Amino acid sequence: MRKNRTSLIATMSVFATALLAGNTAFASSYIHQTNTEKGYVTYPEHFKSERTRAEVQAEAAAFVKQGGSDAFRGGNFPPRDTSVASGKTREQVVNEFRSQTPQERKALEALYRG
């Protein structure tokens, strides 16, 4: 009986220590526990980064150059299509547009505007 109590006390003390250690780690982060339905609140000003904003942006640009996806850049636009590159200059495209016949323009308007 004495052995059971000792093991129970040891187990309870280990459990309590684990709980306390977890709370101290939680308190040093930018997420803090609260007594609300959500259970936590964030404080962005408590976040400590090891890298600067410029370093992160340079890393992201290098990733995209190596063929990585930039789908998370804004979410408002589809990812850039890098498979097709135009061989024309801006001036050539403008000249083609200006030299279109009225029928070609109407066909393009019907295509893009519906």
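Helices, of at least four residues, and strands, of at least two, are runs assigned by DSSP and numbered from the N terminus. In this predicted model, the chain follows the pattern α-β-β-α-α-α when read along the sequence. The chain thus contains 4 helices and 2 strands.

The next topic is the surface of the chain. The chain has 114 residues, of which 3% are buried. Its exposed area is about 11100 Å², and carbon and sulfur atoms supply 58% of this area. As for contacts between residues at least 6 apart in sequence, 0% of them join residues at least 24 apart.

Side chains of opposite charge can pair when their charged atoms come close. How many salt bridges does the count give? The count comes to 2 salt bridges, and the table lists them with their N to O distances.

| Salt bridge | Distance between N and O |
|---|---|
| Arg 51 and Glu 59 | 2.6 Å |
| Glu 96 and Lys 88 | 2.8 Å |

Are the partners in these pairs buried, partly exposed or exposed? A residue counts as partly exposed when its relative accessible area lies between the limits of 20% for buried and 50% for exposed. Arg 51 has a relative accessible area of 42% and is therefore partly exposed. Its partner Glu 59, at 46%, is also partly exposed. In the other pair, Glu 96 is partly exposed with a value of 40%, and Lys 88 is partly exposed at 43%.

How values were computed
Residues are numbered from 1 along each chain as its sequence is written. This is a predicted model: local features need pLDDT of at least 70, side-chain atom pairs count only at pLDDT 80 or more; totals for chains, interfaces and linings use all residues. Side-chain values use heavy atoms; hydrogens and water are left out. A salt bridge is a side-chain nitrogen of Lys or Arg within 4 Å of a carboxyl oxygen of Asp or Glu. Buried means under 20% relative accessible area, exposed over 50%, partly exposed in between (1.4 Å probe, protein chains only). Contact means heavy atoms within 4.5 Å. Accessible areas come from the Shrake-Rupley method with a 1.4 Å probe; for residues, only the protein chains shown count as cover.
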